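Q: Hi! I'd like to walk through this structure with you, piece by piece. Mind if I just fire off questions as they come up?

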Amino acid sequence: MNNQSINKELINMKRLIVTFGAMLLASVLALAAGPKSNLRVMYWNIQNGMWSDQGNSYDNFVEYVKSQNPDICVWCEAQSIYITGTADKCAVEDRYLVDGWAELAARYGHSYVFVGGHRDNFPQVITSKYPIEGIDRITGNLETKTPEQTDTIVSHGAGWARIRFKRKELNVVTLHTWPQAYSFYASKEEREASKAAHGGDAFRAVEMEYILKHTIGRSKKPSKEYWMMMGDFNSRSRVDNYQYKWAEDAPGFACQDVIIRDGRYVDVIAALYPGEFKTTTGGKARIDYFYCTPKLFSRITAAHIPTGDWSEPVRDPAKLSNFWHPSDHRPIIVDFKL
């Protein structure tokens, strides 16, 4: 090859490098800017129906939600239970929530409300700017079982709703699993033994299997659909074990292992922040999760757990029944481009 040919090759190579560099820079800048989101979903366990702000007519809560501007909200523990500033139970007729959710949601711009199934004081509620179709309220089959069924309780219930957004159908599954170390079925006399046997972990795993079966398990082609599932799972995931340093066979992973084995959902926070632990409580525990099917996960533009704003958990000075302000949990906010 003569010098002229070599020079031409060098010039072409430089052009390729410059062109590739420009393309790479454009891609980096595009990724940094991110596609514009057009749907924001906010999940939050608001502890006892936002007990912390009910005496303030929920003004701080409403302003905070407005500041985040979500299109869809999922609220866990969405019922008023206690008298403001106390650990004394409200009379049922004096509880503002859940019946007041339509009025409260309207204050932050949401016109639609769906209350999930629940058998106690801890329902989940979905509010939305867009119409909600309630598909199912899930509490288990103890009262309705047939000889072919096994007794199953979903302690705090679950819900499945559909929301249509820009001709796309979103399946929203909400849940709140059993919170105790002992099994739901354990009597007072059996609780210590049940704790030692990790009865609570085993019970949560059964709840999770039941919820999956009766929501996404009823879909013929979930991989082609938009599904999200979120809630207070009261359980740890083995993907965070770099933080917990538990034994690999620790019973505390049982509930999340059900979802991992099922394989139809992506753990949004874990996938977007690998190796970066994100607590969802006032302590150091990630027990609230936001899951999406891969098709919907591919539409995520951002996801975060707010820190340092009004939602930051602060322990109640009187330590009333483990109350925090405004909640003992943190929100999870996910943005989508649909």
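Q: What follows α8, and what is the sign of its phi?
A: Gly-263 comes right after α8, and its phi is positive, near 80°. Keep in mind as we go that this is a predicted model.

Q: Noted. Which residues of α8 are buried?
A: Helix α8 spans residues 254–262, and its buried residues are Cys-255, Gln-256, Asp-257, Val-258 and Ile-259.

Q: And what covers them?
A: The cover over the buried residues of α8 includes α6 (199–213), β8 (226–232) and β10 (288–292).

Q: Those strands sound like sheet material. What's the strand order in the open sheet?
A: The open sheet has six strands in the order β5-β6-β7-β8-β10-β9, and the pairing is mixed. The edge positions go to β5 (132–140) and β9 (266–267), each with a single partner strand, so one side of each has no neighbour in the sheet.

Q: How many bridges hold β9 and β10 together, and in which sense do they pair?
A: Two bridges, in the antiparallel sense. Val-266, for instance, has Cys-292 in β10 as its bridge partner.

Q: Back to α6 for a second. Which strands does α6 touch on the sheet?
A: α6 packs on the sheet and touches β5, β6 (153–165), β7 and β8. The direction of α6 makes about 30° with that of β6.

Q: What about the loop between β5 and β6, which residue there is worth a look?
A: Try Thr-152, which sits in that loop. Its relative accessible area is 8%, so Thr-152 counts as buried, the cut-off being under 20%.

Q: What does Thr-152 touch?
A: Setting aside neighbours within four places in sequence, Thr-152 contacts Thr-139, Gly-140, Asn-141, Leu-142, Tyr-185, Val-206 and Tyr-210.

Q: Tyr-185 has a ring, so let's do aromatics. How many aromatic pairs are there?
A: The count comes to 28 aromatic pairs. One of them is Phe-184 with Tyr-185, edge-to-face, at 5.6 Å centre to centre and with 90° between the planes. Phe-184 is partly exposed at 30% relative accessible area, and Tyr-185 is partly exposed too, at 45%.

Q: Which pair links distant parts of the chain?
A: Phe-233 and Tyr-291, an edge-to-face pair at 5.8 Å centre to centre with 65° between the planes. Phe-233 is in the loop between β8 and α7 (241–244) and Tyr-291 is in strand β10, which puts them 58 residues apart.

Q: Are those two rings buried or exposed?
A: Both Phe-233 and Tyr-291 are buried.

Q: Which residues make up the aromatic cluster with Trp-44?
A: Trp-44 shares one cluster with Phe-61, Tyr-64, Trp-75, Trp-101, Tyr-108 and Trp-310.

Q: Switching to β1. Why can I call strand β1 largely enclosed?
A: β1 covers residues 39–45, and six of its seven residues are buried, so the rest of the structure largely encloses it.

Q: Which strands is β1 joined to?
A: β14 (residues 332–336) is joined to β1 by five bridges and runs antiparallel to it, with Tyr-43 opposite Ile-332. Five bridges also join β1 to β2 (residues 72–76), this time in parallel, with Val-41 opposite Ile-72.

Q: Now the core. Which residues of the largest nonpolar core touch the most other members?
A: That core has 29 residues, and Ile-126, Leu-170, Met-228, Phe-290 and Phe-336 touch the most other members. A second, separate core has 21 residues, including Leu-175, Ala-205, Cys-255 and Tyr-265.

Q: What does Phe-336 contact?
A: Beyond residues up to four places away in sequence, the contacts of Phe-336 include Leu-39, Val-41, Met-228, Phe-290 and Cys-292.

Q: One more: where is His-176?
A: His-176 is in strand β7 (residues 168–176). At 3% relative accessibility, His-176 counts as buried.

Q: What's the polar contact of the His-176 side chain?
A: It joins the side chain of Asp-232, at 3.2 Å. Other residues that His-176 touches include Asn-45, Cys-76, Glu-77 and His-156.

Q: And for the whole chain, how many helices and strands?
A: Ten helices and 14 strands. Buried residues make up 46% of the 338 residues.

Note on methods. Residues numbered from 1 in each chain as written. Predicted model: local features only at pLDDT ≥ 70, side-chain atom pairs only at ≥ 80, totals over all residues. Heavy atoms only, no water. Buried < 20%, exposed > 50% of the residue type's maximum accessible area, 1.4 Å probe, protein only. Helix = DSSP H or I, 4+ residues; strand = E, 2+ residues; numbered from the N terminus. Pairing = 2+ DSSP bridges. Contact = heavy atoms within 4.5 Å. Core = buried A, V, L, I, M, F, W, Y, C linked by side-chain atoms within 4.5 Å. Polar contact = N/O pair within 3.5 Å; in protein donor to acceptor, adjacent residues only side chain to side chain. Axes fitted to C-alpha atoms, helices over the stretch in contact; angles between N-to-C directions. Phe/Tyr/Trp six-rings, centres within 6.5 Å; stacked < 30°, edge-to-face > 60°.
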